[in-house]
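This report walks through the model shown below. It takes the parts of each chain in turn and ends with the contact between the chains.

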Amino acid sequence: MYRSHVLVCGGTGCTSSGSQQIMETLKAEIEKCGLSDEVCVVQTGCHGLCALGPIMIIYPDATFYALVKNEDIPEIVSEHLLKGRVVTRLLYEETVTPAGIKSLEDTDFYKKQHRIALRNCGIINPEIIEEYIGTGGYQALGKVLTEMTPDEVIQTLLDSGLRGRGGAGFPTGLKWKLAKANDADQKYVCCNADEGDPGAFMDRSVLEGDPHAVLEAMAIAGYAIGASQGYIYVRAEYPIAVQRLKIAIEQAREMELLGDDIFGTGFSFDIDLRLGAGAFVCGEETALMTSIEGKRGEPRPRPPFPAQKGLFGKPSILNNVETLANIPQIILNGPEWFASMGTEKSKGTKVFALGGKIHNTGLVEVPMGTTLREIVEEIGGGIPGGKKFKAAQTGGPSGGCIPAEHFDIPIDYDNLIAIGSMMGSGGLIVLDEDDCMVDIAKFFLEFTVEESCGKCTPCRIGTKRMLEILTKITKGQATMEDLDKLEELCYYVKNNSLCGLGQTAPNPVLSTLRYFRDEYEAHIKDKHCPAGVCKALLSYVIDRDKCRGCTLCAKTCPAGAIIGSVRNPHLIDTDKCIKCGACMEKCRFGAIYKK
Amino acid sequence: MKSLEELKAIRERMQSQVNMRDGGHTATRVVVGMATCGIASGARPVLTALSSLVQEKGLVGKVTVTQTGCIGLCQYEPIVEVMEPGKEKITYIKMTPEKAAEVVERHLIGGHPVENYTLNAADIK
């Protein structure tokens with residue numbers, strides 16, 4: 001038995017900032033101090049505070065070390081683990097108060113969070129099935145198989161009000177009910193782990209931190225709809241998630257929690273992995289199933305819906321990773337428990353991936369109905385550099401922006417739709433006054449143009465034409481007629497595209513037009529980018545009165561565009577200037593500005 | 001796995017381990033002095049004994065066992081302090097793994113401090 005557990009995050013974020021090396025050093029130091037029998041090192045999934053990685057938590061006290069470096073390890077081991085003295089200088093700043101060390105759960109980042117889908121992430125070692133079982137894992141499957149009928153399982157989900165977390169928000173129980181109603185010799189349960197929205201990484205975190213929760217939920221789904229085979233469609237760009245899923249499936253098969261005659265009930269279920277090759281459209285349900293079948297990943301018209309004719313022409317369901325991660329908890333705690341959280345039509349919690357101009361970049365799970373202000377200002381720690389909040393972009397390339405005027409809106413599926421955005425998978429990118437909304441819309445459209453599969457004309461050609469107009473606007477070459485044409489095209493593409501990709505592709509343009517039309521007009525009429533982002537519309541100028549002639553800018557300029565002699569004011573040659581802004585960053589006198 | 005009992009057995013075996021990671025919000029804190037003086041007089045086996053017993057007896061979640069630095073009474077090390085909410089702190093001195101086992105049994109489980117090992121019982125001048 002170990003007296004202390006040292007948890008090191010092995011999620012993608014912390015791994016890329018060196019947590020694997022830290023774990024090695026840690027084990028070596030613990031060995032050196034003769035503590036191997038007393039202290040164990042546990043590799044976990046993501047804790048959510050990716051901005052502060054690599055992260056290390058030492059139990060039983062839950063001491064939270066942030067931004068740990070390899071060279072800090074000997075001190076942590078000899079001071080904390082050997083002598084019991086906390087190394088205060090390495091603690092997460094916010095936990096250090098004059099009154100002593102604050103518990104992690106009382107920090108602003110964690111205080112308002114409620115973790116259901118992420119409950120085991122950062123707590124258990126995802127590569128050890130026993131740890132998952134220790135937190136109540138596979139109990140829900142046991143309960144379902146021995147105490148409940150398939151209809152009762154589906155009713156429980158319906159009562160809980162759980163809706164799909166992948167973006168569209170379709171009631172999960174209803175999806176299962178439709179698939180169960182169709183008789184067939186074979187049915188399939190699919191898991192959508194093809195997380196493709198730029199900025200969203202909650203599914204990856206669940207797969208990396210708690211893969212068994214997904215496997216357990218899929219087996220429950222199999223029992224409910226009458227399927228014996230499941231597929232997880234996961235992107236190949238998630239190597240750690242793929243690896244942990246493989247280990248998890250292997251362990252579950254060894255323990256006979258997957259396979260034939262689970263718990264001796266006669267129910268059989270197995271799961272296989274299918275790796276996606278990186279096409280965004282494969283996150284769309286019909287394209288995903290086509291891809292699993294081994295064909296080119298393209299969507300097909302619905303109906304027939306997957307519940308009737310899905311994978312290999314058989315009734316199938318497709319659920320998102322985060323949706324599945326909620327299900328064992330709903331079975332164990334009851335639908336009332338789940339339905340007690342959230343808003344009237346959106347129950348439970350939602351995981352958001354915070355990114356952009358925000359202090360605490362990372363993953364947060366909050367009850368539905370939490371306001372944007374709470375998420376950005378309290379949990380996210382606000383915007384760095386005292387800048388002003390301009391908008392939040394939710395739902396990635398399918399979503400839209402929430403402007404400052406809706407800062408206090410309770411976030412749920414229906415409220416977001418009402419203001420022209422959408423929940424999407426939960427990416428939440430914070431924009432401040434330095435971000436140009438036209439440029440943001442262009443960024444997402446570039447993404448959809450790139451990712452359009454080309455099967456239907458509105459999406460293939462429509463998005464391309466939209467991007468061309470947006471490019472003209474950002475270059476100051478557009479007319480007001482172009483703007484009208486852009487808006488018209490948006491509605492055309494939205495109404496006529498075959499699948500969700502095209503139907504939602506205009507959203508970033510439409511919602512920025514709705515709230516920030518003045519910015520579009522400034523680009524067109526005044527040939528001016530208010531945020532100073534669009535390069536074609538701005539020029540860098542040196543203030544002659546402030547310039548001391550230190551020559552630093554001239555030396556920095558990669559294009560040789562700055563002329564001037566020592567101790568005399570310099571000048572930027574606008575023909576040569578490539579508008580990289582390097583001179584402005586380097587100037588120590590604040591003499592260079594954007595116009 | 002062919003029965004729920006098997007699952008339950010694994011769960012019970014793993015529970016105490018995983019429960020340790022429940023946030024450190026437990027009611028009773030058991031603190032072992034682990035400065036140079038404590039370590040030199042044998043605090044380490046006391047700490048491991050306490051920690052193991054707490055886990056074996058299923059007290060994880062109710063009792064946290066941790067270390068601290070020098071308490072200042074070096075001649076009485078190894079020192080173990082038991083802090084229960086709303087009660088006066090009990091300080092045990094000159095502890096051994098055997099005495100620790102007794103403290104777990106009688107104090108942490110039974111609720112009655114083992115008087116003759118405490119600082120109060122020692123004749124301090």
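## Domains and overall form

The domain assignment splits chain A into five parts: domain 1 (4–104), domain 2 (129–338), domain 3 (349–432), domain 4 (437–525) and domain 5 (539–594). The model is predicted.

Chain A holds 23 helices and 20 strands. Its radius of gyration is 26 Å, close to the 25 Å that the globule rule gives for 595 residues, so chain A is as compact as a globular protein of that length. Along the principal axes, the C-alpha atoms of chain A fill a box of roughly 85 × 65 × 40 Å.

Chain B has 4 helices and 4 strands. Along the sequence they follow the pattern α-β-α-α-β-β-β-α. The C-alpha trace of chain B spans about 65 × 30 × 25 Å along its principal axes.

Burial and contact range are set out here for the two chains.

| Chain | Residues | Buried share | Share of contacts (separation of 6 or more) made by residues 24 or more positions apart |
|---|---|---|---|
| Chain A | 595 residues | 54% buried | 71% of contacts |
| Chain B | 125 residues | 43% buried | 67% of contacts |

## The sheet β9-β10-β8-β7-β11 of chain A

Five strands of chain A build an open sheet. Their order is β9-β10-β8-β7-β11, and the pairing is mixed. Which strands stand at the edges? They are β9 (259–262) and β11 (316–320) of chain A. Each has a single partner strand, so one side of each is left without a neighbour in the sheet. Neighbouring strands of this sheet are turned by 25° against each other on average, direction ignored.

Within the sheet, strand β8 (residues 229–235) of chain A pairs with strand β10 (residues 267–276) of chain A. The pairing is parallel and runs over 7 bridges. One residue pair can be picked out: A:Arg235 has A:Gly276 in β10(A) as its bridge partner.

A helix packs on this sheet's strands. Helix α13 (residues 321–333) of chain A lies across β7 (188–193) and β11 of chain A. Helix α13(A) runs at about 90° to β11(A).

## The sheet β13-β12-β16-β14-β15 of chain A

Another open sheet of chain A also has 5 strands. The order is β13-β12-β16-β14-β15, again with mixed pairing. The edge strands are β13 (362–367) and β15 of chain A. Each of these has a single partner strand, so one side of each is left without a neighbour in the sheet. The twist averages 30° from one strand to the next.

Strands of a sheet pair through backbone hydrogen bonds, either parallel or antiparallel. This sheet offers both senses, as two of its pairs show. Strand β12 (residues 349–356) of chain A and strand β16 (residues 427–432) of chain A run parallel, joined by 4 bridges. Here A:Ala353 stands opposite A:Gly427 in β16(A).

Strand β14 (residues 389–394) of chain A runs antiparallel to β15(A), with 4 bridges between them. A:Ala391 stands opposite A:Pro403 in β15(A). The two strands β14(A) and β15(A) form a hairpin with 5 residues between them. In the turn, A:Gly395 has a positive phi of about 80°.

## Domain 3 against domain 4

The C-alpha centres of domain 3 of chain A and domain 4 of chain A lie 22 Å apart. The contact takes 11 residues from domain 3 of chain A and 14 residues from domain 4 of chain A. Which strand gives the most to the domain 3 side? It is strand β15 (residues 400–403) of chain A, with 3 residues. The domain 3 side divides into 5 nonpolar, 6 polar and no charged residues. Strand β15(A) thus appears both at a sheet edge and in this contact.

## Chain A against chain B

How many residues of each chain meet? 30 residues of chain A are in contact with 30 residues of chain B. Three elements of chain A give two or more residues to its side: β1 (4–9), α5 (129–134) and α6 (139–147). The largest share comes from α5(A), with 4 residues. By residue type, the chain A side divides into 12 nonpolar, 9 polar and 9 charged.

How values were computed
Residues numbered from 1 in each chain as written. Chains lettered and ligands numbered in written order. Predicted model: local features only at pLDDT ≥ 70, side-chain atom pairs only at ≥ 80, totals over all residues. Contact = placed C-beta atoms within 7 Å. Nonpolar A, V, L, I, M, F, W, Y, C, P; charged D, E, K, R; others polar. Rg over C-alpha atoms; globule rule 2.2 N^0.38 Å. Buried ≥ 20, exposed ≤ 12 C-beta atoms within 10 Å, placed from the backbone. Domains from an automatic or database assignment. Pairing = 2+ DSSP bridges. Axes fitted to C-alpha atoms, helices over the stretch in contact; angles between N-to-C directions.
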